[in-house]
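Okay, everyone, thanks for coming. I'll put the structure up and then walk you through a few parts of it.

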Amino acid sequence: MSQNYPEWIWQNGQIKHWREATVHVMAHALHYGSSVFEGIRSYETPDGAAIFRLTDHLKRLYLSAKIYDMDIGYSVDELAEACRAVVKKNGLKAAYLRPVSFRDLGGFGLSAECPISTAVAAWQMGPYLGPEALENGIDACVSSWQRFAPNTIPAGAKAGGNYLSGQLIAREARRLGFGEGIALASTGLLSEGAGENLFLVFDGALHTTPASASILTGITRHTLITLAREDGIEVIERDLPREYLYLADEILMCGTAAEVTPIRSVDGKKIGSGKAGPVTRRLQELFFGLFDGKTADRWGWLEPV
Ligand code: PMP
């Protein structure tokens, strides 16, 4: 087992030992990818452990569920309480939380009205793209796999099946020796990383791909847009052609797991000086500052455990 699982998992209203928190092999979601989920981090802050933008993540879970006609059956408050309970019960502080709702056992047709099950797990997780990634950056490549078109699968839902695309992109990149893959949209324009949103810096301004580019509109993306604008950094949401990757002064990827990761090269071409540039460093400072108290949380993003 490569993952060091914590002992306790919340499943359908009960905290269970992880060995008991299982699903039947005939569950709909296992066969058809019919799950929606979230990835959320908690951080240790000077005021104790806090779950970062817990409510916003859970709201997105409900939006994903709405797209797929899934009735989660618990309120946001009940699931927020489940998230807190899992962190507490496992004695975690800085952790990664994974709420997941899915079509469970109860029918095998594609449109079967299966009962919806929900679980929340949490575990310790370091920097997702490797121990050095936040400091030194990573080497990325453009994937030979494109993201799904907007009229194929809705990228705005964080659904299990979407991550077949992410697996192809990430596995190809790793096989070729890169830290992460960046995908183009079906339009041929830039979309996002396998599991991260993308920001390019030109002349001190941040450029990021829009919702129409088959991206998941990340909560970290929204956080960085907010922090940057507050700090006087211009942010432009726009379509970006592939070659802009090679021309940017700086590039960074962001996501709950990846946090704020500099990109030092794309397809073997060095980005800027090949190190994290000043705008990336400033965003890292503002973002991680939320958790050590250096950036004032004026938005109520830190939700106490
Ligand atoms: N895009 C994809 C495809 C992702 O899986 C993620 C991670 N959830 C993101 C972007 C970043 O989203 P967030 O900042 O909300 O974690």
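I'll talk about a strand and its neighbours, then a helix, and then some salt bridges. Keep in mind that what you're looking at is a predicted model.

Let's start with strand 6, residues 95–103. How many of its nine residues are buried? Seven of them, so to speak, are under cover, and the strand is mostly covered. As for who it pairs with, let's go through the partners. With strand 7, residues 116–123, strand 6 runs antiparallel, and eight bridges join the two. If you want a spot to click on there, take Val 100, whose bridge partner in strand 7 is Ala 119.

Strand 3, residues 35–37, also pairs with strand 6, again in the antiparallel sense, over three bridges. Here the pair to look for is Val 36 with Ser 101 in strand 6. Then there's strand 4, residues 40–45, which is antiparallel to strand 6 and joined to it by three bridges. On that side, Ile 40 stands opposite Leu 97 of strand 6.

While we're around strand 3, have a look at Ser 35, which sits in that strand. Is Ser 35 buried or exposed? It counts as buried, because its relative accessibility is 14% and the cut-off for buried is under 20%. And what does Ser 35 touch, leaving aside residues up to four places away in sequence? Val 100, Ser 101 and Phe 102 are on the list, along with Ala 29, and then Lys 158, Ala 159 and Gly 160.

Okay, on to helix 3, residues 76–89. This one has 14 residues and spans 20 Å from first C-alpha to last, close to the 20 Å you'd expect at 1.5 Å a residue. Its buried residues are Leu 79, Ala 80, Ala 82, Cys 83, Arg 84, Val 86 and Val 87. As a reminder, an α-helix has 3.6 residues a turn, so residues three or four places apart point the same way. Yes, there's an arginine in that buried set, Arg 84. After the helix comes Gly 91, with a positive phi, near 65°.

Last topic, salt bridges: how many does a search of the whole structure find? The search gives 14. Let me show you three. In one, Asp 267 meets Arg 242, with the closest N and O atoms 3.1 Å apart. That pair links distant parts of the chain, 25 residues apart: Asp 267 is in the loop between strands 15 and 16, and Arg 242 is in the loop between strand 13 and helix 7. Both ends are partly exposed, Asp 267 with a relative accessible area of 26% and Arg 242 at 32% relative accessibility.

Next, Glu 285 and Arg 282, where the closest N and O atoms are 2.5 Å apart. These two are separated by about one helical turn, because they're three residues apart in helix 8, residues 278–292. Arg 282 is partly exposed, at 29% relative accessibility.

And then Lys 294 with Asp 292, closest N and O atoms 3.5 Å apart. Here Lys 294 is exposed, with a relative accessible area of 71%, whereas Asp 292 is partly exposed at 40% relative accessibility. Finally, salt bridges with shared partners also build a network, which joins Asp 231, Arg 282 and Glu 285.

That's my tour, so over to you.

Definitions and conventions
Residues are numbered from 1 along each chain as its sequence is written. This is a predicted model: local features need pLDDT of at least 70, side-chain atom pairs count only at pLDDT 80 or more; totals for chains, interfaces and linings use all residues. Side-chain values use heavy atoms; hydrogens and water are left out. A salt bridge is a side-chain nitrogen of Lys or Arg within 4 Å of a carboxyl oxygen of Asp or Glu. Helices (H or I, at least four residues) and strands (E, at least two) are DSSP runs, numbered from the N terminus. Buried means under 20% relative accessible area, exposed over 50%, partly exposed in between (1.4 Å probe, protein chains only). The expected span of a helix is 1.5 Å times one less than its number of residues. Two strands pair if DSSP finds at least two bridges between them. Contact means heavy atoms within 4.5 Å.
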